[in-house]
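Me: Hey, I'm new to reading protein models. Can we go through one together?
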Amino acid sequence: MKDKELERLFNQYADLLCGFAYNYLRSKEEARDIVQEVFVRLLEKENLTLEDEMSVKTLLFYSVRNACINQLAGRRKLQYIIQKNFVE
């Protein structure tokens, strides 16, 4: 995927993706970070070619959703570690 195409996609979808991520994370900063990370990962994939817009949109939303789920799992794990080590 070329830089110009990625920039166009970012401009087109970033706000929607941030809102989508916010629904999971309840943090604007974390949502913004997740969306940026997804686009950076796409930029790093040299062989990525998606022909139709629906495939791109689907990829973006699934990637953001999965990143949010991972972020939430990390939060739970951290809470468990803190609770186990400092509450007892």
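Reply: Sure, what follows is a chat about a predicted model, one topic at a time.

Me: Great! Let's begin with the inside. How many residues does the largest nonpolar core have?
Reply: That core has 22 residues. Those with the most contacts inside it are Leu17, Val35, Phe39, Leu60 and Val64.

Me: And which helices supply at least two residues of this core?
Reply: Helix H1 (3-25), helix H2 (28-44) and helix H3 (53-86) each do. The largest share comes from H1, with eight residues.

Me: Can we zoom in on Val35? What does Val35 touch, not counting residues up to four places away in sequence?
Reply: With those left out, Val35 touches Phe10, Ala14, Leu17, Cys18 and Val64. You may recognise Leu17 and Val64, since they are also listed among the residues with the most contacts inside the core.

Me: Cys18 is a cysteine, right? How many disulfides does the structure hold?
Reply: The structure holds zero disulfides. As a reminder, a disulfide is a covalent bond that joins the sulfur atoms of two cysteines.

Me: Oh! Why does Cys18 have no such bond?
Reply: Because the closest cysteine sulfur, in Cys68, is 9.6 Å from the sulfur of Cys18, which is too far for a bond. To count as a disulfide, the two sulfur atoms would have to be within 2.5 Å.

Me: Are those two cysteines buried or exposed?
Reply: Cys18 has 19% relative accessibility, so it counts as buried. Cys68 is at 0%, so Cys68 counts as buried too. The cut-off for buried is under 20% relative accessible area.

Me: New topic: rings! How many aromatic pairs does the structure hold?
Reply: There are three aromatic pairs. One of them is formed by Phe20 and Tyr24. That pair is edge-to-face, with 5.5 Å centre to centre and 80° between the planes.

Me: Where do Phe20 and Tyr24 lie?
Reply: Both are in helix H1, four residues apart, which is about one turn of the helix. Phe20 is partly exposed at 24% relative accessibility, and Tyr24 is partly exposed at 30%.

Me: What about Phe20 and Phe61, how are their rings placed?
Reply: Their centres are 5.1 Å apart and their planes are at 75°, so this pair is edge-to-face. The pair links distant parts of the chain, as Phe20 is in helix H1 and Phe61 is in helix H3, 41 residues apart. Phe61 itself counts as buried, at 19% relative accessibility.

Me: Which residues do ring pairs link into a cluster?
Reply: Phe20, Tyr24 and Phe61 are linked that way.

Me: Nice. Let's leave the rings. Where is Ser27?
Reply: Ser27 sits in the loop between H1 and H2. Ser27 is buried, with a relative accessible area of 15%.

Me: What lies 3.2 Å from a polar atom of the Ser27 side chain?
Reply: That would be the backbone nitrogen of Glu30. Ser27 also touches Tyr22 and Arg75, if you skip residues up to four places away in sequence.

Me: Last one, Gln12. Which side chain does Gln12 make a polar contact with?
Reply: The side chain of Gln12 makes a polar contact with the side chain of Arg8, at 2.6 Å. Gln12 is in helix H1, and its relative accessible area of 39% makes Gln12 partly exposed.

Methods: Residues are numbered from 1 along each chain as its sequence is written. This is a predicted model: local features need pLDDT of at least 70, side-chain atom pairs count only at pLDDT 80 or more; totals for chains, interfaces and linings use all residues. Side-chain values use heavy atoms; hydrogens and water are left out. A nonpolar core is a set of buried Ala, Val, Leu, Ile, Met, Phe, Trp, Tyr and Cys residues joined through side-chain atoms within 4.5 Å. Buried means under 20% relative accessible area, exposed over 50%, partly exposed in between (1.4 Å probe, protein chains only). Contact means heavy atoms within 4.5 Å. A polar contact is a pair of N or O atoms within 3.5 Å; within protein, one must be able to donate a hydrogen and the other to accept it, and residues adjacent in sequence count only if both atoms are side-chain atoms. Rings of Phe, Tyr and Trp (its six-membered ring) pair if their centres lie within 6.5 Å; planes under 30 degrees apart count as stacked, over 60 as edge-to-face and the rest as tilted.
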